[in-house]
Amino acid sequence: MIKIQGVRKQYKGNLVLNLPTIKIETGSTVGIVGNNGAGKTTMFRVILDLIMPNDGEVLLKDIPVKGKDEWKSFTSSFLDEGFLISFLTPDEYFAFVGGLHKMSPADIGLALQRFEGIFNDEVRGKEKYIRDLSKGNQKKIGIASAFLGNPEIIILDEPFANLDPSTQIKLKRLLIEYRNDHSVTYLISSHDLTHITEVCDRIIVLEKGEVIKDLHTSPSTLTELQEYFNNG
Ligand SMILES: Nc1ncnc2c1ncn2[C@@H]1O[C@H](COP(=O)(O)OP(=O)(O)OP(=O)(O)O)[C@@H](O)[C@H]1O
């Protein structure tokens with residue numbers, strides 16, 4: 001269970017996030033949508049204790065993220081390329097992240113097998129540094145790394161952005177298949193309403209830091225979201 005309790009974040013007096021109590025059940029897949037500047041990334045950064053809220057708190061499996069470390073062993077994320085180590089090759093980076101989870105090279109290889117289709121022979125076994133890869137391939141490395149170590153909570157900020165259409169479809173399938181095989185809670189932001197409604201069972205719409213809608217996905221959700229953003 002993820003509990004977000006009255007989180008507010010201000011920058012220079014501007015309130016950019018003003019969340020009510022939000023409870024996210026274990027095993028659910030929650031999509032966060034909203035126009036540019038709505039507060040999606042800020043929300044993820046607060047959840048991951050990368051920035052401090054002015055008010056409120058976040059608990060992951062009842063552990064407050066602020067001041068505790070225990071939640072880090074079951075929570076993983078990829079928000080942006082800043083998470084990568086650009087002077088490593090992809091394999092060196094996977095070894096580094098896998099090492100943090102005490103995974104053997106064989107276990108890392110096994111865990112990455114499900115990403116082979118997504119990597120499309122452009123990521124593993126290459127002697128190129130991450131900094132020299134395309135934005136899309138960098139994103140693939142970050143997303144794949146977030147799945148190392150069997151995390152229980154995975155937070156992905158705009159995972160479909162910068163990926164080619166076939167990779168987006170493969171990623172969508174992978175997210176669903178992984179969820180079917182493992183007990184995982186996802187928090188995923190996206191500007192792609194079709195992908196997000198296909199993958200998520202609950203969708204939260206943010207606007208100027210406020211929750212505008214909190215929907216359980218149904219056959220009418222995509223139309224409802226399209227109408228909402230059409231009128232925005
Ligand atoms: N470090 C910062 N200093 C000042 N303002 C910030 C800072 N970080 C974020 N903001 C502001 O907070 C608001 C929310 O930004 P955030 O990046 O969370 O939005 P977002 O929904 O992720 O947007 P996008 O879809 O463009 O990625 C924006 O108005 C942004 O300018």
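Two residues are in contact if their C-beta atoms, placed from the backbone, lie within 7 Å. Keep that cut-off in mind for the packing described at the first stop. The structure on screen is a predicted model.

**Stop 1: helix α5**

Select residues 135–146, which form helix α5. The helix has 12 residues and, at 1.5 Å a residue, should span 16 Å. Its end C-alpha atoms are 17 Å apart, which agrees with that expectation.

Now colour the helix by burial. A residue is buried if 20 or more other C-beta atoms lie within 10 Å of its own. By that test 10 of the 12 residues of α5 are buried, so the helix is largely enclosed by the rest of the structure. The buried residues are N137, Q138, K139, K140, I141, G142, I143, A144, S145 and A146.

What do the buried residues of α5 pack against? Show two strands, β7 (75–78) and β8 (153–157), and three helices, α2 (90–100), α3 (105–112) and α4 (116–119).

**Stop 2: strand β8 and its partners**

Keep β8 selected and hide the helices. Five of the five residues of β8 are buried, so this strand is largely enclosed by the rest of the structure. Both of its faces are covered. On one side are I153, I155 and D157, and on the other are I154 and L156.

Add β7, which pairs with β8 in the parallel sense over four bridges. To see one position in this pairing, select F78, which stands opposite L156 in β8.

Next add strand β9, residues 185–189. β8 and β9 also pair in the parallel sense, over five bridges. Here I154 has Y186 of β9 as its bridge partner.

**Stop 3: strands β1, β5 and β6**

Select residues 2–11 for strand β1 and residues 55–60 for strand β5. The two strands run antiparallel and are joined by five bridges. Q5 is a place to look, as it stands opposite E57 in β5.

Follow the chain from β5 to strand β6, residues 63–64. Two bridges hold this pairing, in the antiparallel sense, and L60 stands opposite I63. β5 and β6 form a hairpin with two residues between them. In the turn, K61 has a positive phi of about 50°.

**Stop 4: the ligand and helix α1**

Show the ligand and select the residues around it: Y11, V16, G34, N36, G37, A38, G39, K40, T41 and T42. Coloured by class, this shell has three nonpolar, six polar and one charged residues.

Which element gives the largest share of the shell? Helix α1, residues 40–47, contributes three residues.

Extend the selection to the whole of α1. The helix is mostly covered, with seven of its eight residues buried. These are K40, T42, M43, F44, R45, V46 and I47. K40 and T42 therefore appear both among the residues around the ligand and among those that pass the burial cut-off of 20 or more other C-beta atoms within 10 Å.

**Stop 5: two loop residues with positive phi**

Just after α1, select D49, which takes a positive phi of about 60° although it is not a glycine. D49 lies in the loop between α1 and β5. With 19 other C-beta atoms within 10 Å, D49 is partly exposed.

Then go to K102, in the loop between α2 and α3. K102 is not a glycine either, and its phi is also positive, at about 60°. Is K102 buried or exposed? K102 counts as exposed, with 8 C-beta neighbours inside 10 Å.

**Stop 6: C200**

Select C200, in the loop between α7 (193–199) and β10 (202–207). C200 is buried, with 24 other C-beta atoms within 10 Å.

Show its contacts, leaving aside neighbours within four places in sequence: T29, V30, G31, I188 and T217. I188 falls in β9, residues 185–189, visited at the second stop. Then draw a distance from C200 to S28, C-alpha to C-alpha: the two are 172 residues apart in sequence and 7.8 Å apart in space.

**Last view: the annotated domain**

Finally, select residues 2–228. The UniProt annotation "domain: ABC transporter", from an unreviewed entry, covers this range. Over these residues the chain is 33% helix and 26% strand. The end C-alpha atoms of the range are 27 Å apart.

Terms used: Residues numbered from 1 in each chain as written. Predicted model: local features only at pLDDT ≥ 70, side-chain atom pairs only at ≥ 80, totals over all residues. Expected span 1.5 Å × (residues − 1). Pairing = 2+ DSSP bridges. UniProt positions renumbered as here; feature names shortened; annotations may be inferred. Near = placed C-beta within 6 Å. Nonpolar A, V, L, I, M, F, W, Y, C, P; charged D, E, K, R; others polar.
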